[in-house]
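Colleague: I am new to this structure and would be grateful for a guided reading of its surface and its interior. May I put some questions to you?

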Amino acid sequence: MEPFELLLPLALILLLSKLMGLGAHKCGMPAVIGMLIAGVLIGLLKFIPWAPLQHAFFSEDVNFVLSVMSKIGVVLIMFSAGLGTDLKKLKQTGVASVVITAFGVAVPMLLGWLVASLFFGFANVLSNLFYGAILTATSVSVTVAVLKELGRLDSKVGASIISAAIIDDVIGIVILSVLTGFSSGGAEEVGWKWFSPNAGMVVIKIVVFFVAAIALGVGLRKLFDLMERRAPHNRRVPIISLAACFVYAYAAEELFGVADITGAYLAGILLGGTLSETPYVESKVDTMGYLFFSPIFFANIGIANIEYFSQISVQILAFGIVFVIAALLGKLLGCGTGAKLCKYSWRDSFRVGLGMMVRAEVVLICTEKGVQNGLVNPAVFPFVILIILISSIATPVCLKWSYKREAKSAEVLPPPEWHEN
């Protein structure tokens, strides 16, 4: 393949992703949905039996280059997510955010494992757990936008959702790392035999990775602080930050058997929490990622998995429907229960569960990682997209209805009685 031959598919991906992303945004949905739809539309070209078209868009060389760019895109997404994780916000809600997250992770994961076990058999323990891990992911960007619009972002509900989402992401990444570590470590999939001495080594490697990564982060902190003092807003800071991200991602996968996205996310957290110019670095990373690499990642998911849309069996269809229901109810009931145990009102508990229900890019990344490790059936992708669609539409509508109803209730309350002494 000549290098220039790649330019046409890249042009179509970027153009269609932008157009569909804008359309999704105007409909009140995340731009991610539009990018996925763009990939699906491009993937439909596979069914046109014209040799020049197939060579231009679906040759092995084109697929390989797009997969490499997709890998860079997903690493940049997780690095950016880490940079945007403000651990200081956890202090705003204290114990409540921890309790909400604990239930918000445990309940969806239990439901996901149970649904997968009922449909695929209880013997496939590792695979079934991964289906549960997919449902632990959350993305509160839509919720934050709605609460900000309603002027409720700084309320107890808003602070709880943001804080719980931070812990949720960290726990979800750790779970993902453990399960992919078992998979890449050669653990047996049948029954509970994967709890073996080899599995113990996997856990040790994961622990060593986090210890080494954090220790290295302390050194990077001093380096970046020094650079910032000498040359604030200098391009060398985001460049070296990006290099650190790639090193972390590579070392996680190659040396410790941990998912590369875990390394990228951890690098973002370590640098985001130490850089006084984090917004500057994050803006540069987002510009590069969301301008070029991220659209390729999301579109490539649709392109690579278009054939599975037409190969959904009755079993997968039934599983997918129940899986979507479990995804929505898992966060709603889990986080809502956690909030209620922390003595939130029923209405606020419902809002917390509803706000944590939204899924976006992280659930796609987790699913993609599961497919790569042979733990997730690729035919599940359409239902994961459906989870994003339903949650992204239902959450803002229900939140606005909840606060609007509360405002109306306040309006009909009788005025207080004043007594003159």
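Colleague: Which residues make the nonpolar surface patch of about 500 Å²?

Modeller: Please bear in mind that this is a predicted model. One member of the patch is Ile321, whose place is in helix α14, residues 314–341. The nonpolar patch as a whole is made by Leu317, Ile321, Val322, Ile325, Leu329 and Leu333.

Colleague: Is Ile321 buried, partly exposed or exposed?

Modeller: Buried means under 20% relative accessible area and exposed means over 50%, with partly exposed in between. The relative accessible area of Ile321 is 47%, so Ile321 is partly exposed.

Colleague: Turning to the interior, which element gives the largest share of the lining of the largest cavity?

Modeller: The structure holds 2 cavities of 30 Å³ or more, and the largest has a volume of about 110 Å³. Of the 13 residues that line the largest cavity, the closest to its centre are Asp169, Gly172, Ile173, Val362 and Cys366. Two or more lining residues come from each of α4 (60–83), α6 (125–136), α8 (156–184) and α16 (361–372). The largest share, 5 residues, comes from α8.

Colleague: How many nonpolar, polar and charged residues are in the lining of the second largest cavity?

Modeller: The second largest cavity holds about 40 Å³ of space. Its lining consists of Pro9, Ile13, Ile42, Phe57, Phe58, Leu66 and Ile303, with two or more residues given by each of α1 (7–26) and α3 (51–58). By class, this lining has 7 nonpolar, no polar and no charged residues.

Definitions and conventions
Residues are numbered from 1 along each chain as its sequence is written. This is a predicted model: local features need pLDDT of at least 70, side-chain atom pairs count only at pLDDT 80 or more; totals for chains, interfaces and linings use all residues. Side-chain values use heavy atoms; hydrogens and water are left out. Patches are made of residues with over 30% relative accessible area and no salt bridge: like charges are joined within 9 Å, nonpolar side chains (Val, Leu, Ile, Met, Phe, Trp, Tyr) within 5 Å. Accessible areas come from the Shrake-Rupley method with a 1.4 Å probe; for residues, only the protein chains shown count as cover. A salt bridge is a side-chain nitrogen of Lys or Arg within 4 Å of a carboxyl oxygen of Asp or Glu. Helices (H or I, at least four residues) and strands (E, at least two) are DSSP runs, numbered from the N terminus. Buried means under 20% relative accessible area, exposed over 50%, partly exposed in between (1.4 Å probe, protein chains only). On a 1 Å grid over the protein atoms alone, a cavity is a set of points where a 1.4 Å probe fits but cannot get out, and a pocket is an open set with protein on both sides within 12 Å along at least five of seven lines; lining residues have an atom within 4 Å of a point. Grid points are joined across faces, edges and corners, and a volume is the space filled by probe spheres set on the points. Ala, Val, Leu, Ile, Met, Phe, Trp, Tyr, Cys and Pro count as nonpolar, Asp, Glu, Lys and Arg as charged, and the others, Gly among them, as polar.
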